[in-house]
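Welcome, and please have your viewer ready. We will move from one selection to the next, and at each stop you will hear what is there.

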Amino acid sequence: MEPIPAVEAAADPSDGPVVVAPVAPPTKTRAESFSEQSEVSQTAADFIRDQEQLEADAREALPYSIESCTNPLGPLRQSVFACLTCNPRPANPAEPYNPAGVCYACSVQCHGEHTLVEIFAKRNFTCDCGTTRFPATSPCALRLNPATSTKGGVHSEEPDANNRYNQNFQNRFCGCKCDYDPFEQKGTMFQCLGLGTPETGGCGEDWWHPGCVVGLGPKWFENLPRVGVKSEAKPVVTDGPLPTISEDAAPEAGDAEEEEADDDPAPPPGFPTEDEFEGFICYKCVDAFPWIRKYAGTPGFLPPVYLKTEDATEQPAAPAAVDGEVSKKRKASDDDDDDDDVESQTSKRPRSELGTIETPPASTEALLAADESTTATPVPCKYSALPPAPTGQFSLFFQEGFRDKLCRCASCFSLLAAHPQLMEEEEIYEPPVSDQGSENGGGSTHGSGSLLDRGESALRNVDRVRAIEGVMAYNHLKDQLKPFFQQFADSGQAISADDIKGYFAKLRGDEQAIKDAGEAASKSDFREEQGGY
């Protein structure tokens, strides 16, 4: 039987009802009491260790430097993020919308606490952060403000008029216009090479469900058998700049095996397997630029993948495919074993590192000069020798090395020049890898520095008077906190959340908190006198 706890009563009953408060048994030491505290209690060493681990995890998830906005660099093919907090989309899709996109660094530094949509790579895009596409209340914190000659506070600048936007900036994807939810989406989505923008009838490098490419809808796999192909929740690079997003496949009903829950669904009927192609051009872009249709089924390209409609009966016959060596698509997780996904990054290596030989792509100007230099011996037109273009609405899938199969004669070159992505493989801009943090015990080869580093960096960018005042306030607080933490460090005792809250209440001059703290101390002294500690 446990002992009945002692109680303390009000000294004068006339003051009001008698209040009884339980007192800990005198046999329980203070150390034992601390060991039974809630989960919010931890030693100072544990707190520091947990904080360092959190910072190390953050550096692994965000390995690139977040010190500079890419806006001054001009248009780039880069990873882009849309902010739905600063630019909430209208409830009615028909209403006007002011889309905007930010670079990797601004997504962390300027919009880190906002609702972001990761769109992955977009070509010829200039970061919109700090422009009129965002409200003035959301300035860019990374660029130099010409008005103050300090970093940050940049807003209301003119955006790049050449930026192009599609439905992805509203978190809508594919021909089905679905909202992308990584926790709900199943299977793999593929990004179109993007010959055209929405203004010209194309998709603007949209992401597509395989089922929607063939007209079966985004959930084509629900009534299909599953294949044992492991999926990864990471981007997959197709022909360099064309990543795909893999999500865990939906588990079959009644199937409790974890491995089954990770399987990708089988591709829909008519859709090629992933090891057959490097990338694709959706039917919207094919329709917008019909001259590309003749390449379907020719060397470097697969037969047309038709969009089946409800009223379609039989698709036209496609030209026979030409046998050729096809390499499996490379995954971003294979690019660098030290880098995490992020989810966001579509890093790629030269093909020479993957066991195949890569010829450095020539620039558009060099190709044009080469064509002009061979006027004495005109290049024969391979395009005119191709079979007639297939009829019907279809998407065009291409294989590795397809660019070498495109005709570059004088008459066809102008068609290619309008689409540089057909001339040469595009490079995706990557911010420099951060080299800070590991030297501070962060436990990571990549990182952006500790919170202390961030604080020092912030102090360097504020007004000198404010910086001095901040340092003085910090030193004062440090002097106040040092003896408080020292007593716990010397005894090895845990610091509870109540201890910290009570002490800061005392620092703020909260009289009631001071009174409560004093009573608690008196009770502690009483228990110690009784031999409890």
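Start with a helix: select Ala410 and Ser411 in α8, which are exposed and sit on the other side of this helix from the residues we turn to next. Bear in mind as you look that this is a predicted model.

Now keep α8, residues 410-417, on screen and add Cys412, Phe413 and Leu416, which are buried. Their directions span an arc of only 110° around the axis, so these three lie on the same side of α8. Colouring by accessibility should bring out the two sides: Cys412, Phe413 and Leu416 buried, with Ala410 and Ser411 exposed on the other.

Next, select Thr126. You will find Thr126 in the loop that runs between β4 (116-125) and β5 (144-145). Is Thr126 buried or exposed? Its relative accessibility is 4%, and because buried means under 20%, Thr126 counts as buried.

What does the side chain of Thr126 meet in a polar contact? Show the side chain of Asp160 as well: a polar contact of 2.8 Å joins the two. To see the wider surroundings, leave aside the neighbours of Thr126 within four places in sequence and display its other contacts: Asn71, Gly74, Pro75, Gln78, Asp160 and Asn163. Asp160 thus appears in this list of contacts and as the polar partner of the Thr126 side chain.

From there, go to the loop between β7 (172-173) and β8 (178-179), and pick Cys174. What is there to notice in its backbone? Cys174 has a positive phi, about 70°, although it is not a glycine. With a relative accessibility of 1%, Cys174 also counts as buried.

Stay in the loop between β7 and β8 and select Lys177. Here too phi is positive, at about 55°, and Lys177 is not a glycine either. If you have a Ramachandran plot open, look up both residues there: Cys174 at a phi of about 70° and Lys177 at about 55°.

Finally, zoom out to the whole chain. Switch to a cartoon and you can trace 13 helices and 18 strands. Of its 533 residues, 40% count as buried. Take the contacts between residues at least 6 apart in sequence: 73% of them join residues at least 24 apart. Turn on the surface for the last view: the chain exposes about 29,100 Å², with carbon and sulfur atoms supplying 54% of that area.

Notes
Residues are numbered from 1 along each chain as its sequence is written. This is a predicted model: local features need pLDDT of at least 70, side-chain atom pairs count only at pLDDT 80 or more; totals for chains, interfaces and linings use all residues. Side-chain values use heavy atoms; hydrogens and water are left out. Helices (H or I, at least four residues) and strands (E, at least two) are DSSP runs, numbered from the N terminus. Buried means under 20% relative accessible area, exposed over 50%, partly exposed in between (1.4 Å probe, protein chains only). Contact means heavy atoms within 4.5 Å. Accessible areas come from the Shrake-Rupley method with a 1.4 Å probe; for residues, only the protein chains shown count as cover. A polar contact is a pair of N or O atoms within 3.5 Å; within protein, one must be able to donate a hydrogen and the other to accept it, and residues adjacent in sequence count only if both atoms are side-chain atoms. The arc is that of the directions from the helix axis to the C-beta atoms.
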